[in-house]
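Open the model in a viewer and keep the sequence panel visible. The stops below are given in the order in which to select them.

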Amino acid sequence: MSYRSLPLLCLLGLLTGTALADECDQLPPPAVTLQRLDAPLGMNLQYGYKTLTNLGAELGPPGKAVLGLTRGNAIVKFEIRIPAFIAPGSRMECASPQINVVYGFKPMTVYVAREFPAGSCAYKEIYEHELRHVKTYQDHLASIEKDIATTLSKRFATGSPWRGPVGETRARLQDELDNRWLPYISREISRVKTAQALIDTAEEYARVAESCDGEIKRKIR
């Protein structure tokens, strides 16, 4: 899911000829910043393990009961400001995109099957397993931040204002963010699936099922 906010701030000056160039130089340089979402972790204890097994069918080993599940909804949001100078009566503008990329998972929810009430040994084992998934999500977001920032800065942080026909900067920027950079960031976020699969091994499922003196195994027979 993507949200975009693209207000255009136009600072009108009495600019003509070389004065336009001088005023354009007063704009801040184009810039890109990144902000990771820090959404609170939600808990859901209302579903039985059979329902969770259906919900997580694509994530775990085939034929294994899913006792807990962590789900995150990927978000990419562009917050954009575009200071600009336009000479009265001119068809040209100089503009300086200021792009803040907010990205992450919201909401992120941990599910534990209702057959294992909070406070029980089984609940603790399942919950601690799911917290490994939560940490993997968080670590992945941190690991891709530098590459995304570098890639976007090379494209947009040009060092000097953009120049072109009035209104073109906003339209061109929105089109490029929608069609090139939103899919790019989404792909980078989705790479977390590889790391998550390394947690949900058949051996880990067996370890959890055998824990708590067989409490878990008895309840899922």
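The tour goes from the whole chain to a helix pair, then to aromatic rings and a few single residues.

**Whole chain**

Start with everything displayed as a cartoon, and keep in mind that this is a predicted model. Seven helices and nine strands make up the secondary structure of the chain. Colour by accessibility next: 43% of the 221 residues count as buried. If contacts with a separation of 6 or more are drawn, 82% of them join residues 24 or more positions apart.

**Helix 3 and helix 4**

Select residues 121-156, which are helix 3, and residues 168-190, which are helix 4. Their axes come within 11 Å and cross at roughly 155°. Angles over 145 degrees count as roughly antiparallel, and helix 3 and helix 4 are therefore roughly antiparallel to each other. The crossing of the two helices is right-handed.

Now show the side chains where the two helices meet. On helix 3, select His 140, Ile 144, Asp 147, Ile 148, Thr 151, Leu 152, Arg 155 and Phe 156. Their partners on helix 4 are Arg 172, Leu 173, Glu 176, Leu 177, Arg 180, Trp 181, Tyr 184, Ile 185, Glu 188 and Ile 189. Coloured by class, this contact has ten nonpolar, two polar and six charged residues.

Stay on helix 4 and pick Glu 188. Is Glu 188 buried or exposed? Its relative accessibility is 15%, so Glu 188 counts as buried. Leaving aside residues up to four places away in sequence, Glu 188 touches His 140, Ile 144 and Ile 148.

**Aromatic pairs**

Select the aromatic rings next; the count comes to six aromatic pairs. One of them is Tyr 47 with Tyr 111, a tilted pair at 6.1 Å centre to centre with 35° between the planes. Tyr 47 is in the loop between strand 4 (41-44) and helix 2 (49-55), while Tyr 111 is in strand 8 (residues 98-112), so the pair ties together parts that are 64 residues apart in sequence. Tyr 47 counts as partly exposed, at 30% relative accessibility, whereas Tyr 111 is buried, with a relative accessible area of 12%.

Move on to Phe 156 and Trp 162. This aromatic pair is stacked, at 6.1 Å centre to centre and with 20° between the planes. Both Phe 156 and Trp 162 are buried. Add Trp 181 and Tyr 184 to the selection: ring pairs link these two with Phe 156 and Trp 162 into a cluster. Phe 156 in helix 3 and Trp 181 and Tyr 184 in helix 4 also appeared in the helix contact above.

**Two single residues**

Which residue lies 9.9 Å from Leu 182, C-alpha to C-alpha, and 81 residues away along the chain? Select Leu 182, in helix 4, and then Val 101, which is that residue. Leu 182 has a relative accessible area of 12% and is buried.

For the last stop, go to the loop between helix 1 (18-24) and strand 3 (31-36), where Asp 25 is found. Asp 25 counts as exposed, at 52% relative accessibility. Display Phe 85 as well and draw a distance between the C-alpha atoms: Asp 25 and Phe 85 are separated by 9.9 Å, with their positions 60 residues apart along the chain.

Conventions. Residues numbered from 1 in each chain as written. Predicted model: local features only at pLDDT ≥ 70, side-chain atom pairs only at ≥ 80, totals over all residues. Heavy atoms only, no water. Axes fitted to C-alpha atoms, helices over the stretch in contact; angles between N-to-C directions. Helix = DSSP H or I, 4+ residues; strand = E, 2+ residues; numbered from the N terminus. Parallel < 35°, antiparallel > 145°, perpendicular 65-115°, else oblique. Left-handed = near helix turned anticlockwise from the far one by under 90°. Contact = heavy atoms within 4.5 Å. Nonpolar A, V, L, I, M, F, W, Y, C, P; charged D, E, K, R; others polar. Phe/Tyr/Trp six-rings, centres within 6.5 Å; stacked < 30°, edge-to-face > 60°. Buried < 20%, exposed > 50% of the residue type's maximum accessible area, 1.4 Å probe, protein only.
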